[in-house]
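Work through the exercises below with the sequence and the 3D view at hand. Try each task before reading its solution.

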Amino acid sequence: MSVPCPEEAYLRLLESHLDGAAESQQPAWLDRRDGGGPVPIDELADLHAAAMKRMAAERPELDLVANSSACLAPLIEMLRASSDALQSEREARTRIREALRESERLLLESQRIARVGSYVFDAGLGTWTSTTTLDEILGVAVGSERTLQSWIELVHPDERQELAAHWAEEVLAQHRAFDRTYRILRRTDGVIRSVHGRGEWELDAGGQPKRLLGTIQDVTDRMQVEERAAGFSNLLRDSLNEIYFFDAETYRFAEVSRGACENLGYSMDELRAMTPLDIKPGFSAAEFTQRLEPLRTGVERRLLIATEHRRKDGSLYPVEVHLQLNKGVAGDMFAAIIVDLTEREMVERALVASEKRMEWALHGADLGTWDWNLLTGEVAYNERWVGMLGYTHAELGSGLDTWQRLVHPEDLARIQPMLDAHLAGLTDAYESEHRLQHKSGGWVWVLDRGRVIERDPEGRPLRACGTHLDITQRKEAELASSLSSAALAAAQKIAHLGSWAWDIKAGTESWSAEQFRIFGHEPDAIEPTYERFIEAVHPTDRERVTEAVRATLEEDHPYDLSFRILRPDGSQRAVHAKGDLERDADGAPMRMLGTVLDITAREEAQEERERAQRAVQEAYAEVRALKDRLQAENILLRREVQVENLHSEIVGDSPALREALRSAEEVAATDVAVLLLGETGTGKELFARAIHRMSSRSAGPLISVNCAALPEALMERELFGSEAGAFTGALERTIGRFEAADGGTLLLDEVGELAPQLQAKLLRVLENGDFERLGGTETVQADVRVIAATNADLDQRVQDGGFRADLLYRLDVFPITLPPLRDRDGDIPRLVEAFALALAEKMGKRIDEITNESMHQLAAYDWPGNVRELRNVVERALIRTSGSILDIQLPAGLGATTTPRATGSQAMADVERGHMLQVLESVGWRIRGAGGAAERLALKPSTLESRMRKHGLRRP
């Protein structure tokens, strides 16, 4: 059955009540207006029942039984709104109210008996504990066995095996959350109850499941609540409202209320064979379709049509039709709520007569009146309003600008915010004393009172009216009496000094104009009392002020103190108050006189000076911290610069080296952790530098630390820094390697040698990006990409217990294994050439040739120390060489372990020619362009061509 209100909108309204965020105002789609017609009661009941079912299915975490009052709140609110509109149907309203009260009583009873108990299951002990409510739900006696098996035995036999398997295979084995509805067989009375259980795992510090925390709720009574909700539908189908639904395509009536049948004089079967056109005289099918088009296209959510309905006997009566389109799976349906306007028209005619009588009454009271149409901006004035200013209606006109033009400019600036606040619905009425310009040029003081008398369903003002009373004589008298105190008031205003008098016996108080201003009020805008004064005192100072007043009254203690006050706008002022006590002839307190001095500017100046001092201190501290960090970074960078970097590129072209370089290029663009594996001397630090240069962090620092170089205590300080006083001799804060590498890359060399305690702290940094300095409590954030390097077998270390498995998983995201030199023997000649040239230049020597015997020995050696050992051998040979021919001899202890290997070139020229030939052949003798030989050799094409001619190389 189609409904007149959108199911989704009602579902959101119900959801807001359940979440405790519902507004008291009726939703716009309900269209409840002052003097409006009936609300669709029976359709609302159907809608409520449907929304309850959807809510139970879509949000099972909400206990609809326990929140039954919130579930019924929107329906009850709308039913009551509907009953207010049916003034003539009091008997039906009474029956509905009684039915609702009975239903509320039943649902409140259901809410009382809906219970939820909680439990804690200890995974280590295999036992559970429960609350008293849960014991009552399960029928478990106090002190009985609380094991997992005892809980499984409570489950109904038909479900026990499946639930036990679920616990064993998913909840316990896979540590999943528990969320099931099942039946139990209570131990105490053997009664079968349906319950819904939930549970979430609590993890220990190591991330392992520790306890399962959850609740079990008795949900047996939910079906009873749904049956009661269905009872509402039966009650609402007998609604006396005129409501009907018709098909969006054929316009045939699908459902009609009993009220519609009675108002139109047709039976329900007769109306179901008709369309709205049969009861709307003068409407053609084309016109009706056009009127409904905004609802079909979604331009409008609801339409309001004023028309007439024709009864079966032919009589017509005025109605207001509220139309809405409801979309459903079975087809779209229009819902219509009909408001009979017969009584409203009678009331409007009576109102016209009443307005005439009111006009005579206003004329007798010498009041001017105005009526403002806020939609058109036109204002209508009565004769007295126009006459008190000496104008005629023709001279003034009817626009709002007439009033704005006549109001004194100073008064208009004061009145406009008051008027705007009332139009926005912030005040109940509007009242102001201001001046209007007389036709003669003088000013007339008026007391203006007004009120918005009509608003649209969204609260926007439509019409306002009010009165003007001439108060010129009263104002002139007030002005004459105030001239004598004007000089005193001016002096107080200049000095920001207010005065007050408190008549203790009469309980009255008077303030000067400046005291009103100090307390944030217009003069005489409020009634000054002692209670209002105490309310204005800052809560923190209030007890001290009241104690000072008491001491003055009881002990004649001088009233002289400073405190803070809160203004109505929320601002705070500092004041200094003094007072004198006068007593009567019997010695009883009679009156207190005093002053209040605004000392806010003085206090703010003092606070500003203190803030400035604090700001200078904070700025100094920040500068010092930045200085410390720059000094630390400078020290670290100087250390890095001191590390000898003999070449900017990795030398070699062997397949194993190319594979390692390809992996480095792939991972460089990411921020994942890299683990460099390989024997000592294979160039792990050089690869780390290459990855950093190719990454998006190349502009940031590359900081390296040898994890095996320092003992555990010093290594923690090296990695994470330390605070002043962290240990003996720590006189100032130091910045660690992680903090110095913020925004860049940190190389953890020999990470396998890191102490177990530091492994745990390193794991936390990798997981969260934060750490504490040694001896500090402040959490430091660092954005660092970590590259780890080691020549150790970390998997074996994990098995031996010397390295954390979880830390290895964090570091081993992208491993790269660097080949040993014995697997890339073809790179030895190029490495020897690079080392010889770089080291010779550093020593101030010139090497033109390497002996054949030297290259033979170098190529035949296994190089257990890899590239580092090769570099050391070349450096030792250069130290001993005095000429231009380099003769490299392996130490005697090394040469004995060599095996025959392929010989190298006879001279450096031969090495260069062979390398050039190898590169040219690999690129098909292409010299220029991307991927050409010149690019591969890092030479200009012209330079490469010159060297080819020198070595006699020509393309075959």
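The exercises that follow concern a predicted model.

**Exercise 1. The surroundings of D218**

Task: Find the strand that holds D218, and decide whether D218 is buried or exposed.

Solution.
Step 1. Strand β5 covers residues 209-218, and D218 is in this strand.
Step 2. The relative accessibility of D218 is 10%. Buried means under 20%, so D218 counts as buried.
Step 3. Look next at the side chain: D218 and R193 are joined there by a polar contact of 2.9 Å.
Step 4. For a comparison of sequence and space, take L134. L134 and D218 are 84 residues apart in sequence, while their C-alpha atoms are 9.1 Å apart.

**Exercise 2. The order of a sheet**

Task: Give the strand order of the open sheet that 5 strands form, and explain why β22 and β27 each have one side without a neighbour.

Solution.
Step 1. The order is β22-β23-β26-β21-β27, with parallel pairing.
Step 2. β22 and β27 (814-817) are at the edges and have a single partner strand each, so one side of each has no neighbour in the sheet.
Step 3. From one strand to the next, the twist averages 20 degrees.
Step 4. For one pair in detail, β21 (residues 674-677) and β27 are linked in the parallel sense by 4 bridges. L677 has T817 of β27 as its bridge partner.

**Exercise 3. Helices on the sheet**

Task: Identify which strands are touched by helix α23, and which ones helix α24 lies across.

Solution.
Step 1. Helix α23 (residues 655-668) packs on the sheet and touches β21, β26 and β27. The direction of α23 makes about 155 degrees with that of β27.
Step 2. Helix α24 (residues 684-694) lies across β21, β22, β23, β26 and β27. Relative to β21, α24 runs at about 150 degrees.

**Exercise 4. The largest nonpolar core**

Task: State how many residues the largest nonpolar core has, and trace the elements that supply them.

Solution.
Step 1. This core has 28 residues, and L719, F738, L746 and L748 have the most contacts inside it.
Step 2. Two or more residues each come from β22 (702-706), α25 (712-720), β23 (745-749), α27 (756-768), β26 (785-790) and α29 (805-811).
Step 3. The largest share, 4 residues, is that of α27.
Step 4. Take F738 as a case: beyond its neighbours within four places in sequence, its contacts include L719, L746, L762 and V786.
Step 5. Another core, of 27 residues, lies apart from this one; L277, L292, Y317 and L323 are among its members.

Definitions and conventions:
Residues numbered from 1 in each chain as written. Predicted model: local features only at pLDDT ≥ 70, side-chain atom pairs only at ≥ 80, totals over all residues. Heavy atoms only, no water. Buried < 20%, exposed > 50% of the residue type's maximum accessible area, 1.4 Å probe, protein only. Polar contact = N/O pair within 3.5 Å; in protein donor to acceptor, adjacent residues only side chain to side chain. Core = buried A, V, L, I, M, F, W, Y, C linked by side-chain atoms within 4.5 Å. Contact = heavy atoms within 4.5 Å. Pairing = 2+ DSSP bridges. Axes fitted to C-alpha atoms, helices over the stretch in contact; angles between N-to-C directions.
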